[in-house]
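User: Hi! I'm new to reading protein models, so could you walk me through this one?

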Amino acid sequence: MTDLFDYGAQDLQQEQAPLAERLRPHHLNDVIGQEELIGPDKPLRRLIESDQLPSLIFWGPPGTGKTTLARIIAQSTEAKFDAI
């Protein structure tokens, strides 16, 4: 259960988050790049939209959107999300 103080703390945390965190896309349509996977009618997008995802591991260099994409998937589906 949240109360008035929790809402205030969430707002303050959002305001003080690093710029990169505040600008991070929150919806699949806001992600730029990776069109071959998440473009219209592409494999990963179809799995996300049908909530039929297998286990996934994203691998690649820093700053390529792995965490952002994983968070969007976690919000869009009933999948369990574990960040390591």
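User: Which residues make up the largest nonpolar core?

Analyst: A quick note before the core: this is a predicted model, where local features need pLDDT of at least 70, side-chain atom pairs count only at pLDDT 80 or more, and totals for chains, interfaces and linings use all residues. Residues are numbered from 1 along each chain as its sequence is written, and side-chain values use heavy atoms, leaving out hydrogens and water.
In soluble globular proteins, nonpolar side chains tend to be buried together. A nonpolar core is a set of buried Ala, Val, Leu, Ile, Met, Phe, Trp, Tyr and Cys residues joined through side-chain atoms within 4.5 Å; buried means under 20% relative accessible area, exposed over 50%, partly exposed in between (1.4 Å probe, protein chains only). Here the largest one has 8 residues: L28, V31, I38, L44, I48, L69, I72 and I73.

User: Which element gives the most to this core?

Analyst: That's α5, with 3 residues (helices are DSSP runs of H or I, at least four residues, numbered from the N terminus).

User: How many salt bridges are there?

Analyst: Side chains of opposite charge can pair when their charged atoms come close. The cut-off for a salt bridge is a side-chain nitrogen of Lys or Arg within 4 Å of a carboxyl oxygen of Asp or Glu. The whole structure has 4. One of them joins R45 and E49, with the closest N and O atoms 3.3 Å apart. Both lie in helix α4, 4 residues apart, about one turn of the helix.

User: Is R45 buried or exposed?

Analyst: R45 counts as buried because its relative accessibility is 11%, whereas E49, at 57%, counts as exposed.

Terms used. Helices (H or I, at least four residues) and strands (E, at least two) are DSSP runs, numbered from the N terminus.
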